[in-house]
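These are my notebook entries from a session spent looking up strand pairing, helix packing and charged pairs. I kept them in the order in which I looked things up.

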Amino acid sequence: MLPNPTWGNHFKVFRDAGFETTTYRYYNKDTKGLDLEGMLSDIKAVPNESVVLLHAVAHNPTGVDPTQDQWKAIADALAEKGHLAFFDMAYQGFASGDLDQDAAALRYFAHETSIPTILAQSFAKNMGLYGQRVGCASVVCRSTEDATRVQSQIKQLSRAMYSNPPLHGARIASEVLNDEALYAQWREELAGMATRTIQMRQALKENILAQGSSLNWDHITDQIGMFCYTGLTSDQVDKITKEWHVYMTQDGRISIAGLNTKNVAYVAEAIHSVSK
């Protein structure tokens, strides 16, 4: 069960693995925030012991994350149905700038519930190793016996898929994680990147309002991470592309990382022009 919307490749990954996929409501276009009621309703409507994919932090593509209280409600819904939680965490550190804060939802499931939990974690973005495809698969088990069985199955799967993975990127990640000085530097640099992204969100919102917009743009700063659902319609996207040469996906998603102090005012003026 996948959120609607989600990273497009999720459908291909799960279908290729033999799963029948369905979706649960996630994004509310009216509020430009989380559709918690729809999400919980859909999670409870599917058969017991289903696999539910959850974005651990910085939801891609919406930038909308549940609050901690909402995460608890989501966990309760999964526990009630006996579902398995499958977390995808590609942006740890990119949301708040703090690795621990960005892992809060995952750790709540792992430590405070008995929900079967799997984590697919990527270091592609937060370590700048995109071309290396470095990551880690983790499974939370409730006993040593279960862990032994799960590890055996994972070894068989990995042996059939790639036998021995490339080592270069993994060794870089290992060096950073296990060297005290490099680890501290990495955390500091992550915080710097996240802070810049947060500042660009604030600057975009302020510049749109400075244009005289009467619309509510709180969602720009309420959302988090690299991506933002601006709320622009498909027609407005076409217009901003044709008239202002500002490019985004057809659903109005922009990459906040593409904004800077030199272009944010221009992008804000363009957004206001097509949305007023």
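**Entry 1: the sheet**

I began with a single bridge, and found that A120 has A137 in β8 as its bridge partner. I note at once that this is a predicted model, and I read everything below with that in mind. Going from that one bridge to the whole strand pair, I found β7 and β8 antiparallel, joined over 6 bridges.

I then followed β7 (residues 117-122) to its partner β6, and here the two strands run parallel with 5 bridges between them. One of the links is that of A85, whose bridge partner in β7 is T117. A85 also turned up when I looked towards β5, since A85 of β6 is the bridge partner of V52. The pairing of β5 with β6 (residues 84-89) is parallel and likewise counts 5 bridges.

Putting these pairs together, I wrote down an open sheet of 4 strands in the order β5-β6-β7-β8, with mixed pairing. I asked myself which strands stand at the edges. They are β5 (51-55) and β8 (135-140), and because each has a single partner strand, one side of each is left without a neighbour in the sheet. From one strand to the next, the twist averages 15°.

**Entry 2: α2 against α3**

Before turning to the helices, I reminded myself that two packed helices are described by the angle between their axes and the distance between the axes. For α2 (residues 36-45) and α3 (residues 68-81), I looked up axes that come within 9 Å and cross at roughly 15°. With angles under 35 degrees counting as roughly parallel, α2 and α3 are therefore roughly parallel to each other. The crossing of α2 past α3 is right-handed. On the α2 side I listed L36, M39, L40, I43 and K44 as making the contact, and on the α3 side Q70, A73, I74, A77, L78, E80 and K81. Sorted by class, this contact of α2 with α3 holds 8 nonpolar, 1 polar and 3 charged residues.

**Entry 3: a salt bridge at α2**

How many salt bridges does the structure hold? I found 6, and I looked up one of them, in which the side chains of R25 and D42 meet at 2.9 Å, N to O. R25 belongs to strand β2 (residues 23-25) and D42 to helix α2, so that the pair, 17 residues apart, links distant parts of the chain.

**Entry 4: two helices against α11**

I next looked up α8 (residues 180-210) and α11 (residues 264-275), whose axes come within 8 Å and cross at roughly 50°, which makes α8 oblique to α11. This crossing, too, I recorded as right-handed. The contact is made by M200, A203, L204, N207 and I208 of α8, together with V264, A265, V267, A268 and I271 of α11. By class I noted 9 nonpolar residues, 1 polar and no charged ones for α8 with α11.

Last, I turned to α10 (residues 234-244), where the axes of α10 and α11 come within 9 Å and cross at roughly 130°, so that α10 is also oblique to α11. The crossing of α10 and α11 is right-handed. Here Q236, K239, I240 and W244 of α10 meet Y266, E269, A270, I271, S273, V274 and S275 of α11. The classes for α10 with α11 are 6 nonpolar, 3 polar and 2 charged residues. I marked I271 in my lists, as this residue of α11 appears in the contact with α8 and in the contact with α10.

Terms used: Residues numbered from 1 in each chain as written. Predicted model: local features only at pLDDT ≥ 70, side-chain atom pairs only at ≥ 80, totals over all residues. Heavy atoms only, no water. Pairing = 2+ DSSP bridges. Axes fitted to C-alpha atoms, helices over the stretch in contact; angles between N-to-C directions. Parallel < 35°, antiparallel > 145°, perpendicular 65-115°, else oblique. Left-handed = near helix turned anticlockwise from the far one by under 90°. Contact = heavy atoms within 4.5 Å. Nonpolar A, V, L, I, M, F, W, Y, C, P; charged D, E, K, R; others polar. Salt bridge = Lys/Arg side-chain N within 4 Å of Asp/Glu carboxyl O.
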